[in-house]
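Colleague: Please take me through this model one question at a time. I should be grateful if each term were explained when it is needed.

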Amino acid sequence: MKPQFSRTQLLLGAEGVKALAASRVCVFGVGGVGGYVVEALARAGVGALDIVDADNVDVSNLNRQIIATWDTVGQPKVQVMAQRIASINPDCRVTAHQCFYLPEQRDAFDFSQYNYVVDAIDTVTAKIDLVLAAGEAGVPIISAMGAGNKLDPTRLEVADIYDTSMCKLAKVMRKELRVRGVKALKCVYSKEEPVKITAEAAAAVGLPTEGKLPPGSVSFVPSVAGLIIAGEVVKDLIAQGAR
């Protein structure tokens with residue numbers, strides 16, 4: 001065992017560290033939530049990570065995304081994340097997919113090769129398809145629900161999608177998954193009442209005021225959601241390895 005993971009082994013044991021090193025996890029979305037998921041999994045010693053995101057780092061990401069710095073603005077998120085993983089855990093095998101996942105792209109991904117899938121994207125149709133694709137491949141998946149317009153990270157919970165409340169995104173997902181016969185989905189969501197963003201507030205910071213208003217976000221809610229998700233993935237991967 002490398003000294004890098006000695007403190008991890010004290011908690012997870014030698015077999016746990018081996019199970020993580022032998023695992024491959026695909027994280028869809030490396031923004032405010034997904035970036036912290038990837039970082040934590042790399043530091044935990046997961047042996048292979050697929051990262052999927054079409055966007056470049058934007059100035060607006062600086063307030064909450066772990067890969068966003070003035071030095072990385074304008075660069076592809078997956079490229080920046082891959083470089084960051086290499087600097088943390090050079091032995092981690094990284095596969096970067098610079099694309100926006102939609103159902104039409106499903107065939108470009110072999111879900112059966114993953115030990116775990118993390119859904120950290122925002123588009124409902126894509127989230128639903130990820131759940132279906134992972135289910136068909138027999139791969140566990142965990143989904144992030146809405147973290148926008150929230151201020152209290154202590155209100156985040158891990159739950160089955162059908163046991164969630166308050167979260168509008170979770171409500172939509174419950175309805176759509178029930179129609180498709182999906183019986184369960186582990187997710188992280190918040191019971192906190194979202195802050196109401198007004199058109200005046202959006203205009204004051206130069207954001208669009210027509211149609212659906214852009215969500216507000218801070219550094220300490222998406223990050224906590226991402227770390228909670230990473231903890232669930234690590235726990236489940238070790239349980240898989242023990243079977």
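Modeller: On a 1 Å grid over the protein atoms alone, a pocket is an open set of points with protein on both sides within 12 Å along at least five of seven lines, a cavity is a set of points where a 1.4 Å probe fits but cannot get out, and lining residues have an atom within 4 Å of a point. The model is predicted: local features need pLDDT of at least 70 and side-chain atom pairs count only at pLDDT 80 or more, whereas totals for chains, interfaces and linings use all residues. Residues are numbered from 1 along each chain as its sequence is written, and side-chain values use heavy atoms, with hydrogens and water left out.

Colleague: Which residues lie nearest the centre of the second largest pocket?

Modeller: A volume is the space filled by probe spheres set on grid points that are joined across faces, edges and corners. By this reckoning the second largest pocket holds about 210 Å³. Its lining has 14 residues, and those nearest the centre are K2, F5, V17, A21 and G45.

Colleague: Which helix gives the most to the lining of the second largest pocket?

Modeller: Helices (H or I, at least four residues) and strands (E, at least two) are DSSP runs, numbered from the N terminus. With five residues in this lining, the leading contributor is the helix at residues 6-21, α1.

Colleague: How many residues of the lining of the second largest pocket are charged?

Modeller: Ala, Val, Leu, Ile, Met, Phe, Trp, Tyr, Cys and Pro count as nonpolar, Asp, Glu, Lys and Arg as charged, and the others, Gly among them, as polar. The lining holds seven nonpolar and four polar residues, and the number of charged ones is three.

Colleague: How many charged residues are in the lining of the largest cavity?

Modeller: There is one cavity of 30 Å³ or more, and the largest has a volume of about 30 Å³. V33, A144, M145, G146, A147, L156, V188, Y189 and A225 line it. By class, eight of these are nonpolar and one is polar, and the number of charged residues is zero.

Colleague: How many of the 11 residues of α2 are buried?

Modeller: Buried means under 20% relative accessible area, exposed over 50%, and partly exposed in between (1.4 Å probe, protein chains only). In α2 the buried residues include G34, Y36, E39 and L41, and the helix is followed by G45, whose phi is positive, near 100°. Helix α2 (residues 34-44) is mostly covered, and its buried residues number nine.

Colleague: Which strands and helix are included in what covers the buried residues of α4?

Modeller: Helix α4 (residues 124-137) has 14 residues and reaches 20 Å from its first C-alpha to its last, close to the expected 20 Å; the expected span is 1.5 Å times one less than the number of residues. Among its buried residues are I128, L130 and V131. Their cover includes β1 (24-28), β4 (116-119), β5 (141-144) and α5 (168-179).

Colleague: Is N149 buried or exposed?

Modeller: N149 is found in the loop between β5 and β6 (156-160). Its phi is positive, about 65°, although it is not a glycine. Because its relative accessibility is 19%, N149 counts as buried.

Colleague: What is the relative accessible area of M166?

Modeller: M166 lies in the loop between β6 and α5, and its phi is positive, near 75°, in a residue other than glycine. M166 is partly exposed, with a relative accessible area of 43%.

Colleague: Which residues does V233 touch, not counting those up to four places away in sequence?

Modeller: A nonpolar core is a set of buried Ala, Val, Leu, Ile, Met, Phe, Trp, Tyr and Cys residues joined through side-chain atoms within 4.5 Å. The largest one has 38 residues, of which V25, L41, L49, I229 and V233 touch the most other members. Contact means heavy atoms within 4.5 Å. Beyond its sequence neighbours up to four places away, V233 touches V25, L41, Y116, V118 and I142.

Colleague: How many Å apart in space are D53 and T8, C-alpha to C-alpha?

Modeller: D53 lies in the loop between β2 and α3, and at 10% relative accessibility it counts as buried. Its contacts more than four places away in sequence include G29, K77 and H97. D53 and T8 are 45 residues apart in sequence, and their C-alpha atoms are separated in space by 29 Å.
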